[in-house]
Amino acid sequence: MAARGGEPLQMEAIRVDPYAVLANGDPGQLTAKSKRALLAALDQLSDKEPLFRRSDAWRRFNVGHFFTSDVLNDIRGMLLKPGSLRGLVLELLEETEAASDLIPSLSQLAKDKTAEDHVRKLAMRVLLKSKSYHGRDDFDALLMEGTPLTLELASRIISKRGVVSVERALVIDLFSRLGGLYPKPGIRDRSAMSRTFIDKLIGALEPSDVAIFLDELTPKISCTCKAKSHFTCRCREGSSKIAAKLLDRFFETPPFEPSPARIWSWLAPLNFSNGVHSDRNHAVKYLTGNETLRRILHQLAVADAIDENAAHEAVIRLYSNHSHNGIVMRDGDLTALSQYALDNGLVEVWAALWSGHDIYRRSTGPNPVRSIQRQQSRSKTEFLRAWSHRERTQRDFHRKERQSFRVRTGRYARREAEVEAANWAHLRANLTEIEAGRHWQWLELLARTYLLEPDKLATIVDDPETPLRALRNCFPMLTPYIPTVEELGQRHGTHVAEALLAACIVRVRDGESLDSFDPRILAAAKTEATSYPCFAKGEEIEFEAKLDAALFIEDGSAAAFLRNYIEVQLSATDDAVVSNIHWLDHKPAFKPLRPVLPIEWLERFPLMPLDAARSLFSIAAKHASREALVALIARRLHDALPDTDEDTDAKKRARARKKFWQLNAFLYQAEGGDEAWNDLKTDPKTIFALKDRIGRYDVSSNDDRPPLTAEMLYKILDAFIEIWPKVHLPNSFGSSDPGDEKAYRFITECVYGLAYDIADRRAAVMDRMLTDVRFSDFRDLLLTMRAEVGRELALQDFRAPSPADINRLLDRNDVASVEDMRALMVQELGEVQKWLQGSETDPLDTFYPGGKRVDENTAGNRIVDRLQGRMTALGLSVTIERHMAGSNRCDITASAVIQGISRLLVVEVKGQWNKELFTAASAQLDDLYAIHPHAARQGVYLALWYGNGEKIAGLSDPTVTTAPELRTKILAQMPEELQRRIDVVVLDLSRPSTTQPKTKRRRAASATASKGKA
């Protein structure tokens, strides 16, 4: 619409939504005036709502010829202004030719240390697409700054403009710095920085330059961490990776004539934590395929190894993944290097290469490598001596190892065999007692195996029916020893309960009913009933339902059982583990008790272990009444701490309980919550307790999440924003993060959490935070969230018209909402304006009886007289001075019944002279009249303009000379969200003969003329 329409339509579309005009159309077709208006509107939008693009960064724009000479000065100004709009402008410039005219501004932006990282990257990307940009001066400045970002920008200059654009020495300096961008081995890289630009930089180099760079860089690679061996060296990883990438580039583009000594000088200093992957590495592929070159490199690697330690280190490096994969030993290399050592008298090297007898070798027959080395050893005495020494040492080692292992394994095997034989003998000798269920040791073993490892029963007994018979017949023996539920709650007698559970399962599977079983047996089995491997899918649910039906026959029996089992555990005052509280949430028989028992137990057992209190409170928060929960919290706040100066374990537990209830008092706004919060916020570590309770990633959907208001979040932010200042937050995070990162990440979550409260409450909090310099790091986010609140408030009572509503509007001009009533009123007031200025009956005279203007009330009556007939015809009733709440009276109201619901439009009238002219839209219309339940917080503010002869808001104001100027000034003093709900109309009631206001100069001239006449 904006692109194809005329300039008035373009300007109106820009006023409604400037970003939509840019993103969804072709702004290049706008007129010059509209282009500048669009940029100005976007600038204003970015000030009010800095994150107005939200997740729209993926969008591509059709800017065409938007950046003409008419707008370049505006663009230069925008590039100097921080904010999201600057990034948007850079994205738009990227695909245009206008960047050539903006090189100085873009260059300065790329070097600006205060600019955002992504903005500096965008600026450099735009510069590099301009053919007139060379980058030499910028390269020096970026390299001097030396940050990871500027090194990336400098690398992009070389990638696009080549090495010839700067001095080769500077490029070498760049490569030496790039190695520092890699993390040290064993340390988690949390920077989330992409280093693909290094690959692009090296890929853009010429092979001839690569060799020179390797000659200059690799001699500088040396161990600075004073590691005892290359295995533990951690300081050469980054620089070695840079050299490896350069090597890959060198071998990528043949032809080349590599000198082995030169290549070895490149490879020798390199050290990696895990080698160089050979999937797409040209250097590894070339060295792997070139056997001659690789073996020469091996010879160079051991040539200077004289003593035993040096030889061992040199040979080990040829097998190690800490070396470059291209020189790792392969088939045939060992034999060739052994021959080289023999020919050159390198005895220690030859000994380090010695291949011992492999007792685990699968293939039979002689080992060809050992055969060759055996022959080699016979040629010289010193080599034969080395062979004999190595052979003897290996034989002694294997003999001792075999002897020790044989003794250990033999003793263990004999013992196991004896135990197994004794078990089988005991089983057969006591089979009658075992199958009768009267042998406790066997019964315990069979019950546990039946529940946990049913597949292993066949390895324990001969007859698979033996375990079943034993379990079926065990009740008579176990009945005298059945523990009580209280004892089982203390974990006494659980083995008996486990055996009884297994017996019950066997009998249920046999088709027996549990109804006739001793209730003590059922109660013991209930305490151990859970999901065991012996159950088929869904079988445990069916079994426990039968168990509950047989055990909990009477009303209250489930509650009595749970009390007996749990309460004995809650009586503990130390840090004992209270087991199976989760039954309340997961056992169907106990779920009806959740609204009552947790509250009761928290009341009766104030000294229970804290973990149990947390679990019970979580259940109570989800299922108990909020009134009972809040009352409990208020009572627990008054629990006294131990009166002792010693820091005993009991006092520590009491302080932890106190903090737990104080935190609950704050989160659930209980009585005494303010005092509790004042105490909590004195401890900086309270933020971690809050994080565990309400953190976004710390609370699951099944946990209790207190109803957080914007005001509560503000209290948290207000207390800790200065204690835990801003730190860098990596993209990856977890439980092992430093405390300052955890705290500041939680603070950030709290700011985002403001968006979940109702609009009115969060608006007040955001307004407070926007004026507080402590929250300046969140200003862009707060401004954007505040703008969203304004839109939400404006649309809180909005109802989209249905197709039937639209049909009635088109056919009968029926209104469908208060929004329609507003639009109709504005339209009709426009018709009144035309009638006043163009009617042949001079209707303006009625506003000036006797030559003097009428007051506001009379003027309002005249306007209503004109509106009445038209509005009545459309089904609206117009009323003057309607009575409102608080004994207030609204100047004009229009009412209608829409779909059976009464709707009301309120109109406030003010003359230009009224001192409340600029405040009445908010203080009267919005605060007093639009709050009517039928008004949908909307209205029309009608100002009356009588011309320059009248004061404006009680003062002379020469800056306002027309009705449109007065409307602009009124709107400028209204909040943006108010403008969305209140329409401002200025009715021009001035007569053509109205005199112009006298300026000071004209008044002085008039006074002089009067004196002259006198």
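## A five-stranded sheet, its helices and the spaces around them

β1 and β2 pair in the antiparallel sense over six bridges. This is a predicted model. The two strands form a hairpin, with five residues between them. Glycine 886 sits in the turn and has a positive phi of about 75 degrees. Threonine 879 stands opposite threonine 893, which belongs to β2.

**The sheet**

The hairpin strands belong to an open sheet of five strands. The strand order is β1-β2-β3-β4-β5, and the pairing is mixed. Which strands form the edges? They are β1 (877-883) and β5 (982-988), each of which pairs on one side only. Neighbouring strands are turned against each other by 30 degrees on average, with direction ignored.

At the β5 edge the pairing is parallel: β4 (residues 939-945) and β5 are joined over seven bridges. Alanine 943 has valine 986 in β5 as its bridge partner.

Helices pack on this sheet too. Helix α45 (residues 920-929) touches β2, β3, β4 and β5. The direction of α45 makes about 155 degrees with that of β3. Helix α43 (residues 818-838) lies across β2 (889-898), β3 (901-911), β4 and β5. The angle between α43 and β5 is about 10 degrees.

**The pockets**

Both α43 and β5 also help to line the largest pocket, giving two or more residues each. The other elements that do this are α1 (7-16), α2 (18-24), α3 (32-48), α41 (779-794), α46 (963-972) and α47 (976-981). The lining thus draws on elements with low residue numbers, such as α1, and on elements with high ones, such as β5. The largest share, six residues, comes from α3. Nearest the centre of this pocket lie Arg15, Val16, Lys48, Glu976 and Gln979.

The second largest pocket also takes at least two lining residues from each of α3 and α41. So do α5 (84-93), α7 (117-128), α9 (148-161) and α11 (196-203). Closest to the centre of this pocket are Glu116, Asp117, His118, Leu149 and His728.

The table sets the two pockets side by side.

| Pocket | Volume | Lining residues | Lining by class |
|---|---|---|---|
| Largest pocket | about 1,700 Å³ | 41 residues | 22 nonpolar, five polar, 14 charged |
| Second largest pocket | about 1,300 Å³ | 44 residues | 16 nonpolar, 11 polar, 17 charged |

**The cavity**

Rolling a probe the size of a water molecule over the atoms shows where empty space is left. How many cavities of 30 Å³ or more are there? The count comes to one. About 50 Å³ of space lies in this largest cavity.

The residues that line the cavity are Leu602, Phe605, Pro606, Met608, Leu610, Ala613, Arg636, Arg657, Phe660 and Trp661. By class, eight of them are nonpolar, none is polar and two are charged. Helices α33 (610-623) and α35 (649-667) each supply at least two of the lining residues. The largest share, three residues, comes from α35.

**A single alanine**

Helix α37 (residues 686-694) holds alanine 689. What does alanine 689 touch, leaving aside residues up to four places away in sequence? Its contacts are Lys659 and Leu663. Alanine 425 is 264 residues from alanine 689 along the chain. The C-alpha atoms of these two alanines are separated by 60 Å.

**Confidence**

The mean pLDDT of the chain is 87. Of its residues, 94% reach 70 or more. Where is the pLDDT below 50? This applies over residues 994-1014. Beyond near neighbours in sequence, that stretch has 12 contacts in the model. Where pLDDT is low, the predicted coordinates should not be read in detail.

Technical notes:
Residues numbered from 1 in each chain as written. Predicted model: local features only at pLDDT ≥ 70, side-chain atom pairs only at ≥ 80, totals over all residues. Heavy atoms only, no water. pLDDT = per-residue confidence, 0-100. Contact = heavy atoms within 4.5 Å. 1 Å grid on protein atoms, 1.4 Å probe; cavity = no way out; pocket = protein on both sides within 12 Å on 5 of 7 lines; lining within 4 Å. Points joined across faces, edges and corners; volume = space filled by probe spheres on them. Helix = DSSP H or I, 4+ residues; strand = E, 2+ residues; numbered from the N terminus. Nonpolar A, V, L, I, M, F, W, Y, C, P; charged D, E, K, R; others polar. Pairing = 2+ DSSP bridges. Axes fitted to C-alpha atoms, helices over the stretch in contact; angles between N-to-C directions.
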